[in-house]
Amino acid sequence: MSPTKFDTITIDAVSSTSQLKADPFDSASDITYATVAVSELASTFGNYTDLAVQTRGGKVLTVSEEWFAEADNLITAGAPISRKDDFTAKGAWFDGWETRRHGPSFDWCVIQLGFAGSIAGFEVDTAFFTGNHSPFVSVEGFAAPGHTNAPDAVDVAQGSQNARAGVPDSAEGWEKVDWVPVLPKVALNPDSRHGFKLQSSPVLDTVFTHVRFRMYPDGCVSRLRVYGKVHQVLPEDKHQVFDLAAVATGGQVEGYSDAHFGHPSNLLLPGRGHDMSDGWETKRSRAPGHVDWCNIKLGAAGHPILIEVDTAHYMGNPPKAVTLHGFRPEDIDRQHPIVLLDEAPVKPHRQHVFEIPTEISSGPAISSVKVIMIPDGGIKRVRVFGSQEWPAAPLPQGSNIGQVQPLLDEHTWNLLTIQAEPITKEAFAPWGQLVEVPLYDPNAISVNQGTAKKFSHLGQFVNLRSYALTPNSNPASPDRANADIVPAQANLAIFQCFKPVEGHEV
C-alpha cells in the first residue's frame with residue numbers, strides 16, 4: 001500500500017435543487033490514506049466488516065438522482081455482473097449506480113449503515129463501466145444521535161437504526177446535516193476495483209451511522225464497500241443471554257477453509273436470510289475424511305447455553321453433521337478445544353437448536369468457536385447464545401432465543417405435490433376413451449356360477465385387418481377364399497367379481 005497525502009481542494013457544492021452548506025473537504029487536509037492493490041484487498045480488509053452491505057441492513061435513503069441505474073446496486077452483496085446488449089427504456093442495463101450526464105458539480109447518495117461502526121477503509125468498484133465511470137469520488141460520515149446496535153439482534157428487525165430522533169427524513173434535510181469528511185476526493189479508473197485504507201484521520205475512532213457517497217461530476221460506480229468495526233454494545237446485565245457471535249455484538253470470522261459459494265461471515269447475520277446467496281457454502285469435497293471449517297471470534301467471552309445451526313434454503317447441499325469447538329481467551333492458538341457439539345446431524349432447510357450441558361456452560365468462558373462442517377456443504381446461520389457471566393439469567397417471556405421459527409415451506413419443500421382431478425368420460429375425451437364400469441347396465445350378465453358380473457363392449461375399437469372387416473377377403477388363407485367369414489368384433493369386457501358366500505350342508 002502506498003501512502004497518499006490529501007491536498008486541500010475547494011468544491012463548488014451546488015446541488016440540482018438547492019445550495020449545500022460549505023464543503024466539508026475544505027478543511028480535510030489532515031486525512032491520509034493508502035491505496036490498496038486488488039491482490040491485497042482481501043488481506044487488508046479481512047478483519048473488518050462491510051457495514052453498508054444490504055444483507056447487514058444497509059440501505060440507500062436518498063439520492064440526488066439515478067436516471068440510468070439505481071443507487072441501491074452500490075450495496076448489493078454479490079459482485080457486479082454484465083448483460084451486454086441488454087437495454088432498458090433509459091439505455092443500456094448496468095449493475096451499479098449511474099446518473100445523467102452534465103449534472104451539477106457532483107451527484108450523491110445517503111446510505112444508512114446496517115450497523116453503526118468506525119470506518120477503516122473503502123472499496124470502490126467501477127466494473128463494466130468503461131466509458132461512463134465517475135472519475136472522482138469521496139465519502140462523508142454522519143453519526144445519528146443515540147446510535148445503538150441491539151445485543152439481541154436475533155429479536156430485532158434489520159433497518160431499525162433510522163427510526164430515531166435526529167435523522168432527517170428528506171433529501172433537503174440530509175443536505176443540512178453536518179457531514180464529516182472520511183475519504184477525500186480520490187481518482188478512479190474505468191472497469192477497476194479500488195481500495196483505500198485510512199491511515200490517519202481525526203475520525204478514525206468515530207462511530208458513524210450514515211455515509212454520503214459523492215461522484216464527481218456524474219457517472220457510474222458498480223459497488224461501494226464500507227469496511228470497519230461494528231460499534232459493540234453489550235448488555236449491562238452480565239447475566240443476560242444474547243447471541244455472543246452476532247455481528248451486532250462484534251462477532252467476526254477470523255479464518256476459514258473455503259468460501260467458494262458463500263462467505264462464512266454470513267453465518268453471523270440477523271434473520272434467516274432469503275436464499276442460498278447469504279449463507280456459508282463450500283465446494284464439493286472428493287477426499288475421504290475432508291471437513292470444512294471457520295473460526296469465529298465472539299463479540300464477548302461468555303458461557304454458551306444454546307447453539308443454533310440453521311440450514312435454511314440448503315435443501316440439497318447441507319453438511320451431514322456439524323461439530324462446534326469452543327476456546328478460552330488464553331488459548332490463542334486454539335490447541336485445547338472445548339466440545340460444544342460433536343458431529344451433530346443436521347437436516348436440510350431446517351433450524352436446529354442444541355442445548356449445551358450445564359457442566360460445560362458453567363465452566364470457563366469461551367472467546368471463540370470453530371465451526372466444522374462434515375464433510376462440506378452449506379449453513380445459513382450459527383448462533384451462540386450465552387451470558388457474559390455465570391449463571392445465565394432466565395430467558396424473558398416471549399423471547400425468540402432458542403425458539404424454532406419454521407419457514408413457510410420448511411416441512412413441505414421436499415414433497416412432490418400433484419393436483420388430482422376426478423376422471424370422467426367428458427373430462428378425458430380430448431385424450432381418448434375412458435373405460436369404466438357403469439353404475440347400471442341392463443346388458444350385464446352373471447358368469448362364473450354367479451360369482452361375477454360381466455360388462456361387455458365398454459370401449460369402441462377399430463379392427464385394421466381388412467379381411468376381418470369384409471367376408472371372403474382373407475389373403476392369408478387361400479383355401480378359404482370362398483368361405484363365409486363373419487367380420488371380427490373386438491369386445492372389451494370387465495368382470496366384477498364377488499366373494500362367494502360360504503355354505504354348509506344341512
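How many of the 506 residues of the protein chain count as buried? The share is 45%, where buried means under 20% relative accessible area, exposed means over 50%, and partly exposed lies in between (1.4 Å probe, protein chains only). The model is predicted, so local features are given at pLDDT of at least 70 and side-chain atom pairs at pLDDT 80 or more, while totals for chains, interfaces and linings use all residues. Residues are numbered from 1 along each chain as its sequence is written, and side-chain values use heavy atoms, with hydrogens and water left out.

The protein chain holds five helices and 27 strands; these are DSSP runs numbered from the N terminus, with at least four residues for a helix (H or I) and at least two for a strand (E). Among contacts with a separation of 6 or more, 80% come from residues 24 or more positions apart, a contact being heavy atoms within 4.5 Å. The surface exposed by the protein chain is about 26400 Å², and carbon and sulfur atoms supply 53% of it; accessible areas follow the Shrake-Rupley method with a 1.4 Å probe, and for residues only the protein chains shown count as cover.

In soluble globular proteins, nonpolar side chains tend to be buried together. Here the largest nonpolar core has 63 residues, and those with the most contacts inside it are Leu74, Cys109, Ile119, Phe213, Ile296 and Val371. Strand S8 (residues 107–125) gives the largest share of this core, seven residues. A second, separate core of ten residues includes Trp108, Val110, Val167 and Tyr216. In both cases a nonpolar core is a set of buried Ala, Val, Leu, Ile, Met, Phe, Trp, Tyr and Cys residues joined through side-chain atoms within 4.5 Å. Leaving aside neighbours within four places in sequence, valine 371 is in contact with residues including Trp280, Trp293, Ile296, Leu324 and Val382.

Strand S19 offers a good view of the interior. Seven of its seven residues are buried, so S19 is largely enclosed by the rest of the structure. On one side lie Ala321, Thr323, His325 and Phe327, and on the other Val322, Leu324 and Gly326, so that both faces are covered. Two strands count as paired if DSSP finds at least two bridges between them. S19 runs antiparallel to S20, with five bridges joining them, and alanine 321 has proline 345 of S20 as its bridge partner. S19 also pairs with strand S22 (residues 366–374) in the antiparallel sense over seven bridges, with glycine 326 opposite valine 369.

The loop between strand S19 (321–327) and strand S20 (338–345) contains arginine 334, which is partly exposed at 23% relative accessibility. Its side chain makes a polar contact of 3.4 Å with that of serine 368; a polar contact is a pair of N or O atoms within 3.5 Å, where within protein one must be able to donate a hydrogen and the other to accept it, and residues adjacent in sequence count only if both atoms are side-chain atoms. Arginine 334 and serine 368 are 34 residues apart in sequence, yet their C-alpha atoms are 8.8 Å apart.

Histidine 194, in strand S11 (residues 193–200), is buried at 9% relative accessibility. A polar atom of the histidine 194 side chain lies 3.3 Å from the backbone oxygen of serine 192.

Further along, strands S25, S26 and S27 form an open sheet in that order, with antiparallel pairing. Its edge strands, S25 (445–447) and S27 (494–497), each pair on one side only. Strand S26 (residues 452–455) is joined to S27 by four bridges, and lysine 454 stands opposite phenylalanine 495.

Most residues other than glycine have a negative phi, and most peptide bonds are trans. Two residues in the loop between S25 and S26 have positive phi values: asparagine 448, near 55 degrees, and glutamine 449, about 55 degrees. Asparagine 448 is partly exposed at 47% relative accessibility, whereas glutamine 449 is exposed, with a relative accessible area of 78%. Cis peptide bonds occur from tyrosine 216 to proline 217, with omega near -20 degrees, and between tryptophan 390 and proline 391, with omega about 5 degrees. Proline 217 lies in the loop between strand S12 (208–216) and strand S13 (220–221), while proline 391 is found in the loop between strand S24 (381–387) and helix H4 (425–428).
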